[in-house]
Amino acid sequence: MINLAHEYFEIDRTSPVPAYYQIETDLKKRIMRHEWEINSRLPAEEELAKQYDVSRLTLRQALAELEKDGIIRKQRGKGTFINADPSPFVTELNYSLISSDEIPGQQNRHITAQVLEQRVVTDLFPSVAEHLQLTSADRAIYIKRLFLYDKRPLALGRIYINERYAPGLESKPLINNSISQSMRHYYNQEALFVEDHLEAVRATHNETSLLECKYDAPLILVTGVSYRDKNEPMEYSTTLWAGDSVRFRLHLRRGQQGFLIEP
């Protein structure tokens, strides 16, 4: 085994970033480059503490964060083992998560969805009513789902659908947990195009619990509106992606006015 961290990584003692977090980050990188395989045992705490030239207390703080994230597991009397690959989920930035039939993933990695809520709402938030062009007398179908990547929370999605286009959807099972499949199957409805906006946000206490992330962890909020045609919004969605678990990929092609995102 090559102790890459011991040879190449040195903690920056002048940095405001805590030493344990620097170690946690470096250990993630070592796991991602397969210095240790899944289910193999990490070196003993004493050996790792020597590699990073820190106390065992500092090293244990780093390991505790990795364990909290589900990357390692401790077995009493046996040691600490690699539990999961921390490699981020990589996806194309050219679709709406909430409206897609399925979430494109990487080979041999699995995306699943859990429906947390599915009901009719009447007291709509002003932002929802505005995006769907609804009045105070209108109703919407609300569906809240948690997406998992190899059983790790990846994204929390909320979608509001104009009830006019999906009457009774609150009591129907989603086809393959997919809203777009369900809309086609039950109502012969399909979005023509989607407008998405991205921004960085902080999680609320409830979102932190569902996504199993730290309170100060960065999240990527994708807000989208799906249209039946250019004048008829059908769905309004918000999706919170775990910022430390996902990467968006863009394909750019040179055009007459510079580089453009490929469709």
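Glu207 is buried in this predicted model. Its relative accessible area is 9%, under the 20% that marks a buried residue. Glu207 belongs to helix 7, which covers residues 205-211. Beyond its neighbours within four places in sequence, Glu207 is in contact with Leu156, Arg158, Arg202 and Leu240. Some of these partners reappear in the account of the sheet below.

The sheet is open and holds six strands. Their order is 4-5-6-9-8-7, and the pairing is antiparallel. Strand 4 (111-121) and strand 7 stand at the edges. Each of these two has a single partner strand, so one side of each is left without a neighbour in the sheet. From one strand to the next, the twist averages 15 degrees. Strands of a sheet pair through backbone hydrogen bonds, in a parallel or an antiparallel sense.

The pairs can be followed across the sheet. Strand 5 spans residues 140-149 and pairs with strand 6 in the antiparallel sense. Ten bridges link strand 5 and strand 6. Leu146 has Leu156 as its bridge partner in strand 6. Leu156 is also one of the contacts of Glu207. Strand 5 and strand 6 form a hairpin with two residues between the strands. Asp150 in this hairpin takes a positive phi near 50 degrees.

Strand 6 is mostly covered. Eleven of its eleven residues are buried. Strand 6 also pairs with strand 9, again in the antiparallel sense, over seven bridges. Here Tyr160 stands opposite Tyr236 in strand 9.

Strand 9 (residues 232-242) runs antiparallel to strand 8, and ten bridges join them. These two strands form a hairpin with two residues between them. Leu221 stands opposite Leu240 in strand 9. Leu240 is likewise among the contacts of Glu207.

Strand 8 covers residues 218-229 and strand 7 covers residues 193-202. The two pair in the antiparallel sense over ten bridges. Two bridge partners illustrate this pairing. His197 is matched with Thr223 in strand 8. Ala200 is matched with Ile220 in strand 8. In a regular strand the side chains alternate between the two faces of the sheet.

The model also contains pockets. The largest pocket has a volume of about 770 Å³. It is lined by 30 residues. Of these, Glu24, Lys28, Asp69, Lys214 and Asp244 are the closest to the pocket centre. By class, the lining of the largest pocket has 13 nonpolar, four polar and 13 charged residues.

Helices and a strand contribute to this lining. Helix 2 (19-32), helix 4 (56-68) and strand 6 (152-162) each supply at least two residues. Helix 2 gives the most, with seven residues. Strand 6 thus appears in several settings. It supplies lining residues to the largest pocket. It pairs with strand 5 and with strand 9.

Definitions and conventions
Residues are numbered from 1 along each chain as its sequence is written. This is a predicted model: local features need pLDDT of at least 70, side-chain atom pairs count only at pLDDT 80 or more; totals for chains, interfaces and linings use all residues. Side-chain values use heavy atoms; hydrogens and water are left out. Two strands pair if DSSP finds at least two bridges between them. Helices (H or I, at least four residues) and strands (E, at least two) are DSSP runs, numbered from the N terminus. Buried means under 20% relative accessible area, exposed over 50%, partly exposed in between (1.4 Å probe, protein chains only). Contact means heavy atoms within 4.5 Å. Axes are lines fitted to C-alpha atoms, for helices over the stretch in contact, and angles run from 0 to 180 degrees between N-to-C directions. On a 1 Å grid over the protein atoms alone, a cavity is a set of points where a 1.4 Å probe fits but cannot get out, and a pocket is an open set with protein on both sides within 12 Å along at least five of seven lines; lining residues have an atom within 4 Å of a point. Grid points are joined across faces, edges and corners, and a volume is the space filled by probe spheres set on the points. Ala, Val, Leu, Ile, Met, Phe, Trp, Tyr, Cys and Pro count as nonpolar, Asp, Glu, Lys and Arg as charged, and the others, Gly among them, as polar.
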